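Here are some notes to go with the structure, written for a colleague who will want to look at the numbers. Please keep the viewer open while you read.

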Number of protein chains: 2
Amino acid sequence: LPDQSFVTLATNDSYVKGALVLGSSLQRYRTTRKLTALITPQVSDLMRRVLEKVFDEVILVNVLDSGDSAHLALMKRPELGVTLTKLHCWELTQFSKCVFMDADTMVLSNIDELFEREELSAAPDPGWPDCFNSGVFVYRPSIETYSQLLQFATEKGSFDGADQGLLNTFFSSWATTDMSKHLPFIYNLSSTSVYSYLPAFKAFGASTKVVHFLGSTKPWNYTYDSRTKSIKGNMDDPKIVHPEFLNMWWDTYIADVLPLLEQHGIVKEITTGVNMLSGLVYTLAFSCGFCREAEVTEAVSHVSVSPVLPTESSEKRKERWEQGQADYMGVDSFDNIKKKLDTYLQ
Amino acid sequence: LPDQSFVTLATNDSYVKGALVLGSSLQRYRTTRKLTALITPQVSDLMRRVLEKVFDEVILVNVLDSGDSAHLALMKRPELGVTLTKLHCWELTQFSKCVFMDADTMVLSNIDELFEREELSAAPDPGWPDCFNSGVFVYRPSIETYSQLLQFATEKGSFDGADQGLLNTFFSSWATTDMSKHLPFIYNLSSTSVYSYLPAFKAFGASTKVVHFLGSTKPWNYTYDSRTKSIKGNMDDPKIVHPEFLNMWWDTYIADVLPLLEQHGIVKEITTGVNMLSGLVYTLAFSCGFCREAEVTEAVSHVSVSPVLPTESSEKRKERWEQGQADYMGVDSFDNIKKKLDTYLQ
């Protein structure tokens, strides 16, 4: 069905990794629909080219340059930057129907049946279950709806400062009107929900179709040990909810995404290098005996496989470092990592 | 409407306090429906008499003595004791329709409109929003349904070992069939949800109609300072979610329930005595400087206003003490409290 598409959004190179895993997982389960990625100017050209290997369409959205009502909305509500970018998905009128999925989701089975649903279908948000979670939703691209959403955003803003608040206020009948627009929770299982009602997860979790890595630590922020096929670090960390889901994300990353990155010369020997480096740092830190595992894990979690980027200003490099995109062979080499580690020591 | 009733369940004297606050809050907002309390044999005669002042009907349910299919079910599934007691609410066929409310809920407005809903209407559970929370639900008493529920419980048990798992499996179409059976979340706002999606609480929380004190620490486990009209203890304690709701519970307790307890000679000077005692313990503990506030708060939280009970076996007294029902002027006097406190010290 060429007039229907899954749509996601990546606002930087880290989220591109998420988008690539999401796209690969959709392909792995043989979706018959198109794959579309919206990206912002923060995404590097190299990563954009990798996205084009997985997604049928990669579309640059620059709200600042759009010169239209989205730009005007942004001037009035600068805090809604990413939200307004996400709203652009309603402009994809080459498609009759779409399923939007956040870049921090992945599918565990074919979910093409979602295209039988109507706008706006979404699953409840566990934080406030009369709201839907806007990480997965079915919608119909329409310039008219897009304009209404922009006007609404400009006039009323968003109660949570993001797209979820805006969309819930705009599609406010979701909670009360049409049950067919309530997607089952297994289509947007927040990873943080696993332990909030564990018996329910044990009873129904095996049917999970979409997992959503909510929270500030994303799968790409963890360190993966490809020998043991598991996330490194303290599994008792309450932030590491249900490591099985995290390991599934990394399995897909290693199997389907990493080869693409290597083809584009983004990672090569570096993968091995970083793994060795992480191991070394662990060993050193523990044998010294003067730092706690949690701190090392936190420090090492900043070390992950990332593109080698051209030389750039120290400010920009700091920004990338803080996003977990270090230049491991260059300025962010072992010496510098060690310096950074020192700041974590007791 | 004499053939419709709110129904609750109290399984010991502590939960009777909750039931009394719930019943008083329903009266305060002028419900036109009857109030019914189911109690188990663990409830003392004195507290039962107080319940009869607030509730139109107080009905003793003894699953062990029932000699019917409930007893048989209990023999096969002893872990479902309280669940099977709760199911007895379907036997109240003197009513055409009922709203069941857990004893750890209270209403913040008139909610008689719930009787316009059909069986089984309930609000989503934030832990797994495709399940309803069984703390508030609309149902139709029916011996046939009761028998089916018992048979179901005996054959399949409950995925969470309690009534919520059982009822969700029995009324399994709730999540997918009829939106009118989805009560808005404000009819069963779990106190733990306030901070899980704070912007939503700020946007919609003012309309809260029923608050549900989920979690192991119940309102009656806290210590209330009637001078400052607030809960004692460290408000940064993550367990003390939204103290405003807790204070509302205590306001109702002090204004409407305590006078009833005093009329029945259950508390008199004791209230003052216990408050003084708590203050003294606090002062002593802190001036000694050898214990942390959290521990004292935890210890003192066991001290609350409770009926003076007749002399009883030390085993039974231990049980009551652990349920927070101490005999303050007698065997559980200051000396004994001090001994207990000692066990909390570092």
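1. A word on terms before we start: two residues are in contact when they have heavy atoms within 4.5 Å. With that cut-off, 100% of the interface residues of chain A turn out to be interface residues in chain B as well, so the copies meet through the same surface. Please bear in mind that this is a predicted model.

2. How are the two chains related? A turn of 180° with a shift of 0.0 Å along the axis lays chain A on chain B, and the RMSD is 0.0 Å. That is the relation of a two-fold axis. If you would like a landmark for the axis, try P126(A): its C-alpha lies 2.4 Å away, the closest approach of any residue of chain A.

3. Now to the size of the contact. Chain A brings 32 residues to it and chain B brings 32 residues. About 2,500 Å² is buried between the two chains, and carbon and sulfur atoms account for 74% of that area. Which three residues of chain A supply the most? They are W128(A), M179(A) and Y197(A), which give 34% of the area that chain A buries against chain B.

4. You may be looking for charge pairs across the interface; the count of salt bridges between chain A and chain B is zero. Polar contacts are a separate matter, with eight residue pairs counted between the chains, both residues at pLDDT 80 or more.

5. As for secondary structure, helix 6 (163-170) and helix 7 (198-204) of chain A each contribute at least two residues to the side that touches chain B. Helix 7 of chain A gives the most, with five residues. Sorted by class, this side of chain A holds 19 nonpolar, nine polar and four charged residues.

6. Finally, some points on confidence. The model has an ipTM of 0.75 and a pTM of 0.77. For chain A the average pLDDT is 80, and 73% of the residues score at least 70. Two stretches of chain A deserve a careful eye. Residues 302-314 stay under 50 in pLDDT, and the model gives them 37 contacts beyond four places in sequence. Residues 320-338 of chain A are also below 50, with 43 contacts beyond near neighbours in sequence. Where pLDDT is low, the predicted coordinates should not be read in detail.

Notes:
Residues numbered from 1 in each chain as written. Chains lettered and ligands numbered in written order. Predicted model: local features only at pLDDT ≥ 70, side-chain atom pairs only at ≥ 80, totals over all residues. Heavy atoms only, no water. Least-squares fit on C-alpha atoms with pLDDT ≥ 70 in both. pLDDT = per-residue confidence, 0-100. Buried area = accessible area lost by both parts, 1.4 Å probe. Salt bridge = Lys/Arg side-chain N within 4 Å of Asp/Glu carboxyl O. Polar contact = N/O pair within 3.5 Å; in protein donor to acceptor, adjacent residues only side chain to side chain. Helix = DSSP H or I, 4+ residues; strand = E, 2+ residues; numbered from the N terminus. Nonpolar A, V, L, I, M, F, W, Y, C, P; charged D, E, K, R; others polar.
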